[in-house]
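Me: Please give me a close look at one part of this model: the surface, and how far the residues that build it are open or covered. Then tie that part to the rest of the chain.

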Amino acid sequence: MSSTAGKMVTSRSELELDHPNIEDYLPSGSSINEPRGKLRLRDLIDISPTLTEAAGAIVDDSFTRCFKSNPPEPWNWNIYLFPLWCCGVFVRYCLLFPLRCMTLAFGWFIFLSTFIPVHSLLKGQDRLRKKIERVLVEMICSFFVASWTGVVRYHGPRPSIRPKQVYVANHTSMIDFIVLEQMTAFAVIMQKHPGWVGLLQSTILESVGCIWFNRSEAKDREIVARKLRNHVQGSDNNPLLIFPEGTCVNNNYTVMFKKGAFELDCTVCPIAIKYNKIFVDAFWNSRKQSFTMHLLQLMTSWAVVCEVWYLEPQTIRPDETAIEFAERVRDMISHRAGLKKVPWDGYLKYSRPSSKHSERKQQSFAESILARLEEK
């Protein structure tokens, strides 16, 4: 009974997010209670604010808010604070930023001068080569975190290499991977990227068993699913990390989890990540900002503050489907990181719903308003 009630509460809350409260958009006053007769001009004028508010509610919905970054409120608004703000800009851009660039360049020098010989000369000794490459990848990720003055606190037992287990986490930015990788060399499943990020994917990150996919190719998904099943069966493979939301969300919400990670017939280990926005917003809006500019934003901030929780491993229950299992794990992550659940598919960020679907939504909303007006 308790599980059924929990599902009913969840579904009800999701419906409330999907359907705004119509009472908020109904006009108040005696105009509704008048007997129905000929439509007069004053009636049209009376209902126009209602229609305007309803249209605003449709535009400003819970889906759009998942992918918006909230700009910080300006605090250098008077003559006393402005000089202090200028000093902060000077320190961040003229002192901290050059030191961070040197730190990252030094890290890359050590990494490449060690990784290239190991990768080339130890091809016959796979076990030793993988172990060294794993340590080197963790090291370069630590240099990345240091270049942001990253303050990261980890809670729970450190992940270990075991067969038939997969780690899933909420997703805010590509730096999620770096923050987690500095502690444990995960094999991550990630979308293919162009530029220098794609070069790193095809050379360095493949050494830890990472798997890439192309969101626009259906055949690629079948290949990736087969690679995932093969990877989790290996006893010496790096732990597999998946971001089941499939896209970056602004660390205030969690969108629907894809069920692929929950159909592998293995233990699922949830990871909750929460960034503190006191110094910088770690959300990466890939549509408005390249990853290079995102890194520059982090490197010119005061610090990146983050909390990471390794939660209790979960297995699918006998009476659970993969979708229900995914929702249960999403509940755990959302509760631990203080994120709001919304009933949206993150892929709608890349492919908008069809016009017929939008028309049906609008028609349903309009019919609900008219029904309430008739009741009044």
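Reply: A residue counts as buried under 20% relative accessible area, as exposed over 50%, and as partly exposed in between. Trp85, at 31%, therefore counts as partly exposed. Keep in mind that this is a predicted model.

Start with the patch that holds Trp85. Trp75, Trp77, Phe82, Leu84 and Trp85 together make a nonpolar surface patch of about 590 Å². Trp85 itself sits in helix H4, which covers residues 81–121.

Now the charged counterpart. Lys192, Arg226, Lys227 and Arg229 gather on the surface as a patch of positive charge. Arg229 belongs to helix H8, residues 218–233. Its relative accessibility is 44%, so Arg229 is partly exposed. One patch is nonpolar, the other positive.

Set these patches against the whole. The protein has 376 residues, and 40% of them count as buried. About 21,500 Å² is exposed, with carbon and sulfur atoms supplying 60% of that area. The fold comprises eleven helices and nine strands. Among contacts with a separation of 6 or more, 76% join residues 24 or more positions apart.

Next, the charged side chains that do pair. Side chains of opposite charge can pair when their charged atoms come close. The structure holds eleven salt bridges. Two of them share a residue, Arg129.

Take helix H5, residues 126–147, where Asp126 and Arg129 both lie. Asp126 and Arg129 form a salt bridge whose closest N and O atoms are 3.1 Å apart. Three residues separate them in sequence, about one turn of the helix. Arg129 also meets Glu133 in a salt bridge, at 3.5 Å from N to O. Glu133 and Arg129 are about one helical turn apart, because four residues separate them in helix H5.

How open or covered are these partners? Asp126 has 39% relative accessibility, so Asp126 counts as partly exposed. Arg129 is at 13%, which means Arg129 is buried. Glu133 is buried as well, like Arg129. Arg129 thus pairs with a partly exposed residue, Asp126, and with a buried one, Glu133.

A second set of pairs involves helix H10, residues 322–337. Glu327 and Arg330 meet there in a salt bridge, 3.0 Å from N to O. They are three residues apart in the helix, so about one helical turn separates them. Arg330 has a relative accessible area of 0%, so Arg330 is buried. This pair belongs to a wider arrangement: Glu327, Arg330, Asp331 and Lys341 are linked in a network of salt bridges.

Now the loops. Thr149 falls in the loop between H5 and strand E1, residues 150–155. Its phi is near 50°, a positive value in a residue other than glycine. Thr149 has a relative accessible area of 34%, so Thr149 is partly exposed.

Asp265 is another residue of this kind. Its phi is positive, about 55°, although Asp265 is not a glycine. Asp265 lies in the loop between E6 and strand E7, residues 267–276. At 61% relative accessibility, Asp265 counts as exposed, because that value is over 50%.

A loop residue can also be covered, and Pro244 is one. Pro244 is found in the loop between strand E5 (240–242) and strand E6 (253–254). Its relative accessible area is 3%, so Pro244 is buried. Which residues does Pro244 touch, leaving aside those up to four places away in sequence? They are Val168, Ala169, Met256, Phe257, Lys258 and Phe262. Ala261 is 17 residues from Pro244 in sequence and 6.9 Å from it in space, C-alpha to C-alpha.

Back to the surface, then. The nonpolar patch includes Trp85, and Trp85 is partly exposed. The positive patch includes Arg229, which is likewise partly exposed. By contrast, Arg129 and Arg330 are buried, and each takes part in salt bridges. Among the loop residues, Asp265 is exposed, Thr149 is partly exposed and Pro244 is buried.

Definitions and conventions:
Residues numbered from 1 in each chain as written. Predicted model: local features only at pLDDT ≥ 70, side-chain atom pairs only at ≥ 80, totals over all residues. Heavy atoms only, no water. Patch = residues over 30% accessible without salt bridge, like charges linked within 9 Å, V, L, I, M, F, W, Y side chains within 5 Å. Areas by Shrake-Rupley, 256 points an atom, 1.4 Å probe, with all protein chains shown as cover. Salt bridge = Lys/Arg side-chain N within 4 Å of Asp/Glu carboxyl O. Lys, Arg positive; Asp, Glu negative; His and termini not counted. Charge placed at Lys NZ, Arg CZ, Asp CG, Glu CD. Helix = DSSP H or I, 4+ residues; strand = E, 2+ residues; numbered from the N terminus. Buried < 20%, exposed > 50% of the residue type's maximum accessible area, 1.4 Å probe, protein only. Contact = heavy atoms within 4.5 Å.
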